[in-house]
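Thanks for asking me to look this one over. My notes are about the cysteines, so have the viewer open while you read.

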Amino acid sequence: MGGNNLNNLKQILSCFTNSAGGISCPSLPLKSLTCYNDFNHTMNCVWNSSAVYGDAEDVCTVHAEHKCTYFPYNAFCDLKPFDVSKPALRNCSLFFKGKNVFWSTHNISINVNCMPSKRSESIFYNPSCHIKVNPPGKPTVNQTTVTWFTQVEKPQMISNFRCQLQWRQKDESWHYLSEKKQCKWECMEQLKPSLLMKDETYEARVRVQAFYKSLSGTWSEWSPTESWVSQVGSPKPAPEWGVSSRGVLTLVTLALLLAGIVLLIRKKNLVYMMKSFKGAPLPDPGKSEIFQNWFTLNTKGQEVSFASKPETSAVQ
């Protein structure tokens, strides 16, 4: 009877591992797998197939299982390429039945199996070491007060979070307001009015990270962005019309002067070209000596025979 109880105790202990607070968590990837979980019921895995096989024809699946008789759960998913530029990287999501199925002491077996090559890879995974919670909801902004909930649904297993708030004037670079803000369910931050400009459009977003001595992980994705028009802050600076208008007037004057010079030069060139094309004027036949003699004699009623004058015959 005592032997059976001892075996049962060993089986129970084999289902667990030390919590993240008692050991140093291994860095990812584990072999060729990178898996994060929400410390609730979802796990997302990315597998680098080139690190192991590099066979694009294989169909591969991920199977995760907690094998303990007293707390069993499992799930599987098909790995699919998610980036055309990096076909060797495949990912999928595993959904476990129930809520809050992960414990900090669980030791999960994860296997990658590929067909038709029949190659496989296995790791052991502590969910408390690699937590990536869901992003928060969109923050709410009231003048200079920014509030948000750390999760869309109130978490059960995580009670403390580290938070980051980013803000910016629209279409400009993001600024961090805080790096180590800690909150539980609801968070609040204050923007200094001196950081804002009245009647300008601003944007804010937040992200969170599980924070507890027995939990470790990475930052969530950023929340949806909230936009607002600031009603507080410094007034917009008035444009310096005195200096700028004088500068603009000077530039316009110089431009007009330059245009006038160019037009004058072009006009002179045009006149010169027209005169060049015209050349010397053609002689007027009416003013020639022959025509004048003929006209004078005819006016006196005399006929002139050009043939009778040798000198004029040549001219004719």
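1. A word on terms before the cysteines: a residue counts as buried under 20% relative accessible area, as exposed over 50%, and as partly exposed in between, using a 1.4 Å probe and protein chains only. By that rule C35, at 1% relative accessibility, is buried.

2. Please keep in mind that this is a predicted model, where local features need pLDDT of at least 70, side-chain atom pairs count only at pLDDT 80 or more, and totals for chains, interfaces and linings use all residues. Residues are numbered from 1 along each chain as its sequence is written, and side-chain values use heavy atoms, with hydrogens and water left out.

3. How many disulfides does the structure hold? There are five, where a disulfide is a pair of cysteine sulfur atoms within 2.5 Å. I comment on some of them below.

4. Let me begin with C35 and C45, which are joined by a disulfide with an S to S distance of 2.1 Å. This link is right-handed, with 115 degrees about the S-S bond. C35 sits in strand β1 (residues 33-37) and C45 in strand β2 (residues 42-48), so the pair ties together parts that are 10 residues apart in sequence. Strands here are DSSP runs of E with at least two residues, numbered from the N terminus. Like its partner, C45 is buried: its relative accessible area is 1%.

5. Next, C60 and C114. Their disulfide also has an S to S distance of 2.1 Å. The torsion about the S-S bond is about 110 degrees, so this disulfide is right-handed. Which strands does the pair of C60 and C114 tie together? C60 belongs to strand β3 (residues 59-66) and C114 to strand β7 (residues 108-115), so the parts being tied are 54 residues apart in sequence. C60 is buried at 1% relative accessibility, and C114 is buried at 1% too.

6. Please look at C183 and C187 as well. They form a disulfide in which the sulfur atoms are 1.7 Å apart. The link is right-handed, with 110 degrees about the S-S bond. Are these two cysteines buried or exposed? C183 is buried at 8% relative accessibility, and C187 is buried with a relative accessible area of 2%.

7. One last cysteine for your list is C163, which counts as buried at 1% relative accessibility.

Note on methods:
Helix = DSSP H or I, 4+ residues; strand = E, 2+ residues; numbered from the N terminus.
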